[in-house]
Amino acid sequence: MQRRNEGFVYIIGAGPGDPQLITLKGVNAIKKADVILFDRLVNPALLDYAKENAKKVFVGKEPGQPHRTQEEINNLLVEYALDGKIVARVKGGDPFIFGRGSEEALHLSKFGIPFEIVPGITAGIGASAYTGIPLTHRSLVTQVVFLTAHEDPQKQESQIEYEHLAKLKNATIVIYMGASRLPFVVEELIKNGMDKDTPASIVENATTPMQRTFFAALKELPEVARVNNLQPPLVTIISPCTFFSPKLNWFEKKPLFGKKIVNTRAKDQSEHLTQLLEAEGAKVFSFPVFETRAIELDSSLLETILQKNYNWLVFTSVNGVRYFIQNLIKAGKLEFFSGKKVATIGKKTAQEVNKYGFSVDFIPERFNSAKFIEEFTRKFNLQSSKILRIKGNFQVDPITENLRKYASVDTLDVYRISSLFPSKQEVDKILSESIDAIVFTASTTVNYFFEILGEQNARALLAKAKSFAIGPMTKESLKSRGVEHVFSAEVHTIEGIVDLMKEVFKTKEAR
Ligand code: SAH
């Protein structure tokens, strides 16, 4: 092959499952890449780091599906690199532990293609940390063995030296394999002299919200795997240190561990909630039901607004602030803010105002519209005030309606909300999962949720799961549609909702 350009390959370990377990170096390499080749066990969330136009190529093996051979993958790497591309080859765990990263690197070196290896947290180490089974412990375990029982099918006989392994003392043995190999491996170890009651554990889907950990004596492992229908990916840890797990298993004790939660927030706003929920151990399904788009204000409308001497600007969403200010910036009229007072319903919205260097004069103690009206009108005499209420294009706005009882109010729509129809696949996925909770952060979201799922599906889903509403209005929207089991946060913020969920799922009756 002729060298065309200077390409480069990063062989990156993505870690075992939790997307935050990739290294900074790994993330930076993904950000740089023109092409990303990724395996099945790589968390797809990591692809979000990719450049907008990066090519993403799945090269993993799906059970029962045709897949690329190792040789084809090697060739692809070379082809892309010779084409001058920066290639991120992203592999589960660590590339040099049972990951064939070395074979890929050797192939690259044959073609003189420059590369770097970015280490990752291997599944055994991830499982150790996330189950609280230390791989070593002073005076108890002083040696660790990683072994794979998948092995190369071409090999005539097993390279695993069971006779030595079975006799190791003060050791942790971490085995990378599926459940089907387990009976054979266990039998070999016992046959070669390992105590059949040696403490052990099997960890399924380590470091993810779907992690399951089982403890058993060595001889019982195959039965445990069978009874519990354990599915790959699995690691088996044979170690006296398994006894520490009840004390050290911090991960499975997280308040929302393993809970399947649907986040209905609009895409550009969903991340914060998702991050908070994931940090509590939840599996989050992002299911944005609408999107917001800026409305470009026509210049005569803007001119009219600018000429009116408003006393107050009232915002209830970050989007309202952002899209309004974008319009002002475009028109070169940021000075519109000067001499005007600003009221926002919550802290996030206030922060958005502050971002542009303006201060906020009023935030209610409690972040909901009823409190807003009550406190705002109590604190300020609005009799001769002119208020500009800046909002999305929703029809019903209790803030406007109620403020009109006290002052003259104009409204200005600065963004458009439209329902976002997910693919049938996405809808089916949500419907087929046993969802524990659905989070609604606005009553608009409730309406769109029903619209895009259809009455019947929405109802079916809400009947099985607990609904969490950010505040009373959202709760009311759900109730008015006949939804039961609605919890509504005392503190009407994203953090408030997450705290409430932790409370609700902590109580026994909720489980
Ligand atoms: N290079 C990878 C291993 C690839 S071999 C690493 O360093 O982790 C694939 C095997 O790794 C799986 O069959 C399983 O035994 C193990 N494995 C990978 N991810 C896992 C996970 N999240 N939980 C349990 N085992 C996992």
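Let me begin with helix α3, residues 101–110, which lies across β1, β4 and β5 and runs at about 170 degrees to β1. Please keep in mind throughout that what we are looking at is a predicted model.

The strands under that helix belong to an open sheet of five, whose order is β3-β2-β4-β1-β5 and whose pairing is parallel. At its edges are β3, residues 55–58, and β5, residues 115–118, each of which pairs on one side only, and from one strand to the next the twist averages 15 degrees. Another helix, α2, spanning residues 70–82, lies across β1, β2, β3 and β4, and its direction is at about 155 degrees to β4. If we look at one pairing in detail, strand β1, residues 8–13, is joined to strand β4, residues 86–91, by six bridges, with the two running parallel; G13, for instance, has K91 as its bridge partner in β4.

Let me turn now to another sheet, which is also an open one of five strands with parallel pairing, in the order β12-β11-β18-β19-β20. Here the edge strands are β12, residues 283–286, and β20, residues 486–488, and each of these pairs on one side only. Neighbouring strands of this sheet are turned against each other by 25 degrees on average, if direction is ignored. Between β19, residues 466–469, and β20, which run parallel, there are three bridges, and in one of the pairings F468 has F487 as its partner in β20.

Next, the nonpolar cores. The largest has 49 residues, and within it F337 and F449 touch the most other members. Helix α16, residues 443–453, supplies the largest share of this core, namely six residues. Where does this core lie with respect to domain 3 and domain 4? Since domain 3 (260–289 + 421–504) and domain 4 (293–419) both give residues to the core, it lies between them. As for F449, once residues up to four places away in sequence are set aside, the residues that F449 touches include T264, F287, V289, I438 and F440, and L461 and L462 are also among them. There is, in addition, a second and separate core of 25 residues, which includes L189, M194, F214 and A225.

I would like to spend a little time on the aromatic residues, where the count comes to 28 pairs. In one of these, the ring centres of W312 and F380 are 4.8 Å apart and the planes stand at 65 degrees; the cut-off for edge-to-face is over 60, so the W312 and F380 pair is edge-to-face. The two partners, 68 residues apart, link distant parts of the chain, with W312 in strand β14, residues 312–315, and F380 in the loop between α13, residues 369–379, and β16. W312 is also part of a cluster, in which ring pairs link W312, F362, F372, F376 and F380. Is W312 buried or exposed? With a relative accessible area of 4%, W312 is buried.

That brings me, finally, to K386, which is placed in strand β16, residues 386–392. With a relative accessible area of 33%, K386 is partly exposed. Leaving aside neighbours within four places in sequence, K386 is in contact with N309, Y310, N311, W312 and S408, so that we meet the tryptophan of the aromatic cluster once more. By contrast, the C-alpha atoms of K386 and P114, which are 272 residues apart along the chain, are separated by 66 Å.

Technical notes
Residues numbered from 1 in each chain as written. Predicted model: local features only at pLDDT ≥ 70, side-chain atom pairs only at ≥ 80, totals over all residues. Heavy atoms only, no water. Pairing = 2+ DSSP bridges. Helix = DSSP H or I, 4+ residues; strand = E, 2+ residues; numbered from the N terminus. Axes fitted to C-alpha atoms, helices over the stretch in contact; angles between N-to-C directions. Contact = heavy atoms within 4.5 Å. Buried < 20%, exposed > 50% of the residue type's maximum accessible area, 1.4 Å probe, protein only. Core = buried A, V, L, I, M, F, W, Y, C linked by side-chain atoms within 4.5 Å. Domains from an automatic or database assignment. Phe/Tyr/Trp six-rings, centres within 6.5 Å; stacked < 30°, edge-to-face > 60°.
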